[in-house]
Amino acid sequence: MQDNDIEYMRQKMAEYRSGLEPLVRYLPWLEQATEKTASSLYKGNGLDTPQSLAVPVYDSTLMSFIKEATNSTFMDRNYPYVYTRKSIKSPEDERKLIEQADYRNWDILCGILSKYVLGGRTRAVLWSQGVSEKIFFLCISKMLQIVTEWNAERNIR
């Protein structure tokens, strides 16, 4: 890398690190959370009849995480393009790509995270699935690992 490339990457990593700070505090919860702890169905006052519609109720920690993630710079409204370009079809494909990612694949991590955060607005099952499949945890962990390793390799704080 040339000096101007290194300076550019230094700036990007500083941006990534500051964007990650609000999300990293959810890692312990995301690691321990399951689909049952993240959401439940409201079945009160006569909602147990066949024609009634159960309403999902989400854990407040999950909702705080979703709010922070939505407001982060990591949201990519064009996330379907990442899925098409990388032929991602399943959570297993997502986990494999997350595991293999490095700083050159940051857009893939953002695309996967965006699918679950932004997509959950219209398909609420995605928020629970993001927890149960550990996608939220793996994405944020990998992003943190990339930033930390990049800075450590170059002795940057």
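**Exercise 1. The two sides of α4**

Which residues are exposed on the other side of α4, away from its buried residues? Work this out on the predicted model shown above, then describe the buried side and the N-terminal end of the helix.

*Solution.*
Step 1. Start with the exposed residues: Ser60 and Lys67 take that side of α4.
Step 2. Now turn the helix over. Across residues 60-70, the buried positions are Leu62, Phe65, Ile66 and Ala69.
Step 3. Look down the axis of α4: these buried residues fall within an arc of 100°, so they line one face of the helix. The spacing fits a general rule: an α-helix has 3.6 residues a turn, so residues three or four places apart point the same way.
Step 4. Finish at the N-terminal end, where Asp59 acts as the cap. One of its side-chain oxygens sits 2.7 Å from the backbone nitrogen of Thr61.

**Exercise 2. The buried face of α6**

Find the buried residues of α6, and say which helices they pack against.

*Solution.*
Step 1. Inspect residues 91-100, which form α6. Pro91, Glu94, Leu97 and Ile98 are buried there.
Step 2. Viewed along the axis of α6, the buried residues fall within an arc of 125°, so they line one face of the helix.
Step 3. The face turned away from that buried side carries the exposed residues Glu99 and Gln100.
Step 4. Next, list the partners: the buried residues of α6 pack against α5 (79-85), α7, α8 and α9 (135-153).

**Exercise 3. How α6 meets α7**

Describe the packing of α6 against α7: its angle, axis separation, handedness and residues.

*Solution.*
Step 1. Take the geometry. The axes of α6 and α7 (residues 106-119) are 10 Å apart, and the two helices pack at an angle of about 145°.
Step 2. Assign the hand: the crossing of α6 past α7 is left-handed.
Step 3. Collect the residues. Pro91, Glu94, Leu97 and Ile98 contribute from α6, while α7 supplies Ile108, Leu109, Ile112, Lys115 and Tyr116.
Step 4. Sort them by character: seven are nonpolar, none is polar and two are charged.

**Exercise 4. Two residues of α7**

Which residues do Lys115 and Gly111 contact, leaving aside neighbours within four places in sequence?

*Solution.*
Step 1. Begin with Lys115, a residue of α7. With those neighbours set aside, Lys115 is in contact with Tyr79, Tyr83, Glu94, Gly120 and Leu126.
Step 2. Pick out Glu94: its side chain makes a polar contact of 3.3 Å with the side chain of Lys115.
Step 3. Move to Gly111, also found in α7. Gly111 has 0% relative accessibility and therefore counts as buried.
Step 4. With the same neighbours left out, Gly111 is in contact with Tyr79, Val82 and Tyr83.
Step 5. Add a C-alpha distance: Gly111 and Asn78 are 33 residues apart along the chain, yet their C-alpha atoms are separated by 7.5 Å.

**Exercise 5. Glu7 in α1**

Is Glu7 buried, partly exposed or exposed, and which side chain does it join in a polar contact?

*Solution.*
Step 1. Locate Glu7 in helix α1 (residues 3-24).
Step 2. Its relative accessibility is 34%, so Glu7 counts as partly exposed. The cut-offs are under 20% for buried and over 50% for exposed.
Step 3. Follow the side chain of Glu7 to that of Arg10, where a polar contact of 3.0 Å joins the two.

**Exercise 6. α8 and what follows**

List the buried residues of α8, then check the backbone of Lys134.

*Solution.*
Step 1. Within residues 125-132, the buried ones are Leu126, Trp127, Ser128, Gly130 and Val131.
Step 2. After α8 comes Lys134, with a positive phi near 65°.

Terms used: Residues numbered from 1 in each chain as written. Predicted model: local features only at pLDDT ≥ 70, side-chain atom pairs only at ≥ 80, totals over all residues. Heavy atoms only, no water. Axes fitted to C-alpha atoms, helices over the stretch in contact; angles between N-to-C directions. Helix = DSSP H or I, 4+ residues; strand = E, 2+ residues; numbered from the N terminus. Left-handed = near helix turned anticlockwise from the far one by under 90°. Contact = heavy atoms within 4.5 Å. Nonpolar A, V, L, I, M, F, W, Y, C, P; charged D, E, K, R; others polar. Buried < 20%, exposed > 50% of the residue type's maximum accessible area, 1.4 Å probe, protein only. Arc of directions from axis to C-beta. Polar contact = N/O pair within 3.5 Å; in protein donor to acceptor, adjacent residues only side chain to side chain.
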